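Me: I have a new structure to read. Can you take me through its features one by one?
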Amino acid sequence: MPIIIGAFEAQSIALEIEGIKPPRPLTHDLMKNIVETLGSELLEILINDLRDGTFYAQLQLDSREVDARPSDAIALAVRFGVPIFVAENV
């Protein structure tokens, strides 16, 4: 399923997939550090909607759902090693 991802997010995803660690944390690394420091766990992400050509996503953190851009959600899923799901209606 093709989703257009911005250059920054694409680079962030690619660096993680290739195992390249930048000298300082990128935004998605920071987000991962915050989630872990607060004792939460990212369980999965869901691309849950497509409206007017724009995709929407949710992060499943413990028992809470947090809205996110799909590109950010995917970047976090790669870092946490969690599954990426797409809703049937999408």
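**Reading the contacts and the fold**

Reply: Start with one residue and its neighbours. Leaving out residues up to four places away in sequence, arginine 79 touches Ser12, Glu16, Leu26, His28, Asp29 and Lys32. Keep in mind that this is a predicted model.

Me: Where is the place of arginine 79?

Reply: Look for the element that holds the residue. Arginine 79 sits in helix 3, which spans residues 70-80.

Me: Is arginine 79 buried or exposed?

Reply: Read the relative accessibility. Under 20% counts as buried. Arginine 79 has 8%, so it counts as buried.

Me: With which side chains does the side chain of arginine 79 make a polar contact?

Reply: Look for pairs of side chains and read the distance. One partner is the side chain of serine 12, at 2.9 Å. Another is the side chain of aspartate 29, at 2.6 Å. Both serine 12 and aspartate 29 are also on the list of residues that arginine 79 touches.

Me: Glutamate 16 was on that list too. What does glutamate 16 touch?

Reply: Apply the same reading from the other side. Not counting residues up to four places away in sequence, glutamate 16 touches Lys21, Asp29, Val78 and Arg79. Aspartate 29 thus appears in the list for glutamate 16 and in the list for arginine 79.

Me: Where is glutamate 16 found, and is it buried or exposed?

Reply: Take the element, then the accessibility. Glutamate 16 lies in helix 1, residues 7-17. Its relative accessibility is 18%, so glutamate 16 counts as buried.

Me: How far apart are glutamate 16 and histidine 28?

Reply: Give two answers, one in sequence and one in space. Glutamate 16 and histidine 28 are twelve residues apart in sequence. From C-alpha to C-alpha, they are 9.9 Å apart in space.

Me: Now the whole chain. How many helices and strands are in the protein?

Reply: Count the elements, then read their order. The protein has three helices and four strands. From the N terminus, the order is α-α-β-β-β-α-β. The radius of gyration is 13 Å, close to the 12 Å that the globule rule gives for 90 residues, so the protein is as compact as a globular protein of that length.

Me: What share of the residues counts as buried?

Reply: Of the 90 residues, 33% count as buried. Turn to the surface next. The protein exposes about 5,900 Å², and carbon and sulfur atoms supply 54% of it.

Me: How many positive and negative side chains does the protein have?

Reply: Count each set, then compare where their centres lie. There are 7 positive and 14 negative side chains. The centres of the two sets are 8 Å apart.

Notes
Residues numbered from 1 in each chain as written. Predicted model: local features only at pLDDT ≥ 70, side-chain atom pairs only at ≥ 80, totals over all residues. Heavy atoms only, no water. Helix = DSSP H or I, 4+ residues; strand = E, 2+ residues; numbered from the N terminus. Rg over C-alpha atoms; globule rule 2.2 N^0.38 Å. Buried < 20%, exposed > 50% of the residue type's maximum accessible area, 1.4 Å probe, protein only. Areas by Shrake-Rupley, 256 points an atom, 1.4 Å probe, with all protein chains shown as cover. Lys, Arg positive; Asp, Glu negative; His and termini not counted. Charge placed at Lys NZ, Arg CZ, Asp CG, Glu CD. Polar contact = N/O pair within 3.5 Å; in protein donor to acceptor, adjacent residues only side chain to side chain. Contact = heavy atoms within 4.5 Å.
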